[in-house]
Amino acid sequence: MPDGRAPRSMEVPSSDIGRIIGRGGSTIKRLSQSTGCTIEVPKQDAQSEVAEVKLSGSDKQRRLAAAAIEEILRGGDPEDHAAAAEGALVVEHELEGMDRQ
C-alpha cells in the first residue's frame, strides 16, 4: 500500500488463489486470525484470470492482511506473515522444505 491506504479489496490472479486459501483453508484462516481481518475469496470462475479478494476490518487489519497476501503471492511463507501480524519478530531465512513440527 504505497499511499498508506487500507484496501477494501485486492485483485489476485486466479491461478494464485490456492496459495491464499491453503490446504483445507488453513492459510486464509490463519491470516484472518492473525490480522483480525475478514478475508473473502470468491468462488473460482473458470473464465476469469483475476479474482477480487475482499478485505473487511479496521484500516490496520486490512493493511496487515493486504501486505501478507502480497508477500505470499511473491513466494513468502504464510506462517511468517501471520506471526509478524501478531507482533512476532520474523527473521528472514533461506530455509526451504523445512516442515514445522
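The chain contains four helices and three strands, where helices (H or I, at least four residues) and strands (E, at least two) are DSSP runs numbered from the N terminus. Read from the N terminus on, these elements follow the order β-α-α-β-β-α-α. The model is a predicted one, in which local features need pLDDT of at least 70 and side-chain atom pairs count only at pLDDT 80 or more, while totals for chains, interfaces and linings use all residues. Residues are numbered from 1 along each chain as its sequence is written, and side-chain values use heavy atoms, with hydrogens and water left out.

Of the 101 residues in the chain, 33% are buried, a word that here means under 20% relative accessible area, with exposed meaning over 50% and partly exposed lying in between (1.4 Å probe, protein chains only). Among the contacts (heavy atoms within 4.5 Å) with a separation of 6 or more, 62% are between residues 24 or more positions apart.

Two residues, one in a helix and one in a segment before a strand, are set side by side here.

| Residue | Place | Relative accessible area |
|---|---|---|
| Arg62 | helix H3 (residues 59–73) | 3% |
| Pro7 | segment before strand E1 (9–13) | 17% |

Arg62 counts as buried because its relative accessible area is 3%, and, leaving aside its neighbours within four places in sequence, Arg62 is in contact with Ala6, Pro7, Arg8, Cys37, Leu55, Ser56 and Gly57. Pro7 is 52 residues from Asp59 in sequence, yet the two are 8.0 Å apart in space, C-alpha to C-alpha.

Strand E1 has side chains that alternate, so that Met10 and Val12 point to one face and are buried, whereas Ser9, Glu11 and Pro13 point to the other and are not. E1 is joined by five bridges to strand E3 (residues 50–56), and the two run antiparallel; strands are taken to pair if DSSP finds at least two bridges between them. In this pairing, Glu11 stands opposite Glu52 in E3.

Two packed helices are described by the angle between their axes and the distance between the axes. Helix H2 (residues 26–35) packs with H3 at an angle of about 145°, the axes being 9 Å apart; such axes are lines fitted to C-alpha atoms over the stretch in contact, and angles run from 0 to 180 degrees between N-to-C directions. Thr27, Leu31 and Thr35 of H2 make the contact with Gln61, Leu64, Ala65, Ala68, Ile69 and Ile72 of H3.
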